[in-house]
Amino acid sequence: MPINPSDFTLVVHPGTSPEPVTGAIMTPIFQTSTFVQQAPGVHKGYDYSRADNPTREKLEHAFALLEKSRFGLSFASGLAAEQAIIQILEPGSTILVCEDVYGGTGRLFRRLFAKYGFDFRFVDMRNLDEIKSNINKNKTSMIWVETPTNPTLRIVDIKGVAAIAKENNALLVVDNTFSSPLFQAPLALGADIVVHSTTKYIGGHSDIIGGAVMLNSQELYEKLKFVQFAGGATPAPIECFLLLRSIMTLGVRMERHEKNAIKVAEFLEGHKNVRSVYFPGLKNHPQHDLAKSQMTGFSGMVSFDLKGDYSHVLAFLEKLKVFTLAESLGGVESLVNHPEKMTHASVPEDLRRKLGINSNLLRLSVGIESEEDLIADLDRALS
Ligand SMILES: *Cc1c(COP(=O)(O)O)cnc(C)c1O
């Protein structure tokens, strides 16, 4: 499915303008902690880089353009962005969380924030009734959705959850990392807050850790801006620069990631040594129609179950040459990950079983290499 054509132009011109003093076309890296003041409290709009930095300001403006939101905020990591979102809630709040959230999100909620009186309820959000029956009208203040989910690529109906959130006065947060802003627009579907790990597709080159929050409400923006300033989990100027540079190629990268992922998923689906393939772009994905209705593309993540036992998994991984065994995703290079032993090792064992994260499950982050080379690599390793 196509990316909106105007988004290819948007990402190349993400709200940046030539630097006024020298005319430099690229936003400079303002690598400074402090700014000179003419008199106490009299300055050019910047006093200290934790509060505001010109490179970061450009990046946050670009984030807002990407999600077509009024406001954008940047953080030192995806999890720092998530942490800030939880910190705007009152202690004791109940938060409904999609049960197959990113492993680190689950760990942040279960092992860190649960200590501070927050009550996290993990539910299967494919079923809207399950969300409704877990809502406590007076206590549930937030619903936290990730879609497509990781690693089994389930889809959550954003519009459907948004209606439930509105009815119950709860905020809807959508982790849009897996789609990137180009394949899914949660704010337009009714979400209040979008969060990204910019470490993944937005960064795209496996060289930075970062997070983004995009939203339309001025009131929520001011609360989050305060957490960003008071807590200080801000990115360094050079990372803001690298992200601005990455955003310019987001269109061509996402288009290529998706094109390759479709080919890889179709190839795996037809292979005799593969038991099942998880990719929302496949017609036999149980939620293919829902994915099509809320996404403009299926992105580049494909998971599958290998036939055989763990020794076959190890043999497969050993033979791969183009796909590299590593955590993370969304970079230009193709990666393979073993969720049970790597990214999802922190997920409680019984939940892992329930979600189908077994020792035969592998997750691919399909890169932008040649489709023929990727398929040849998988074919050789599967035989
Ligand atoms: C990686 C990831 C995160 C966490 O982001 P970091 O940048 O690693 O802190 C959150 N959500 C999703 C879906 C992710 O893939």
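**Exercise 1. The sheet**

Determine the strand order of the open sheet in this predicted model, and identify its edge strands.

Solution. Step 1: seven strands form the open sheet, and their order is β1-β7-β6-β5-β4-β2-β3. Step 2: the pairing along this order is mixed. Step 3: the edge strands are β1 (71-75) and β3 (119-123), each of which pairs on one side only. Step 4: from one strand to the next, the twist averages 20°.

**Exercise 2. One strand pair and the helices on the sheet**

State whether β5 and β6 run parallel or antiparallel, then list what helices α4 and α6 touch on the sheet.

Solution. Step 1: strand β5 (residues 171-175) and strand β6 (residues 193-197) run parallel and are joined by three bridges. Step 2: V174 has V194 in β6 as its bridge partner. Step 3: helix α4 (residues 103-112) packs on the sheet and touches β2 (94-98), β3 and β4 (140-146). The direction of α4 makes about 140° with that of β3. Step 4: helix α6 (residues 158-167) also packs on the sheet, where it touches β4 and β5. The direction of α6 makes about 155° with that of β5.

**Exercise 3. Nonpolar cores**

Find the residues with the most contacts inside the largest nonpolar core, and list the contacts of V213.

Solution. Step 1: the largest nonpolar core has 49 residues. Step 2: I143, W144, L172 and V213 have the most contacts inside this core. Step 3: with neighbours within four places in sequence left aside, V213 is in contact with F71, G72, L73, F75, A81, I85, I193, V194, V195 and L224. One of these, V194, is the bridge partner of V174 met in Exercise 2. Step 4: a second, separate core has 30 residues, including A265, L268, F316 and I375.

**Exercise 4. Cis peptide bonds**

Locate the cis peptide bonds that precede P148 and P151, and give omega for each.

Solution. Step 1: the bond joining T147 and P148 is cis, with omega about -10°. Step 2: the bond joining N150 and P151 is cis, with omega about 5°. Step 3: P148 lies in the loop between β4 and α6, and P151 lies in the loop between β4 and α6 as well.

**Exercise 5. Positive phi outside glycine**

For S180 and S206, give phi and the element or loop, and decide whether each residue is buried, partly exposed or exposed.

Solution. Step 1: S180 has phi near 70°, a positive value in a residue other than glycine. S180 is found in helix α7 (residues 180-183). Step 2: its relative accessibility is 0%, so S180 counts as buried. Step 3: S206, which is not a glycine either, has a positive phi of about 50°. S206 lies in the loop between β6 and β7 (211-215). Step 4: the relative accessible area of S206 is 46%, so this residue is partly exposed; the exposed class starts over 50%.

**Exercise 6. The surroundings of K58**

Describe the position, exposure and contacts of K58.

Solution. Step 1: K58 is found in helix α2 (residues 54-67). Step 2: a relative accessible area of 26% makes K58 partly exposed, given that buried means under 20%. Step 3: apart from neighbours within four places in sequence, K58 is in contact with T16, S17, T27 and L244. Step 4: with S17, the side chain of K58 makes a polar contact to the side chain at 3.4 Å. Step 5: K58 and S303, 245 residues apart in sequence, are 36 Å apart in space, C-alpha to C-alpha.

Note on methods:
Residues numbered from 1 in each chain as written. Predicted model: local features only at pLDDT ≥ 70, side-chain atom pairs only at ≥ 80, totals over all residues. Heavy atoms only, no water. Helix = DSSP H or I, 4+ residues; strand = E, 2+ residues; numbered from the N terminus. Buried < 20%, exposed > 50% of the residue type's maximum accessible area, 1.4 Å probe, protein only. Contact = heavy atoms within 4.5 Å. Polar contact = N/O pair within 3.5 Å; in protein donor to acceptor, adjacent residues only side chain to side chain. Pairing = 2+ DSSP bridges. Axes fitted to C-alpha atoms, helices over the stretch in contact; angles between N-to-C directions. Core = buried A, V, L, I, M, F, W, Y, C linked by side-chain atoms within 4.5 Å.
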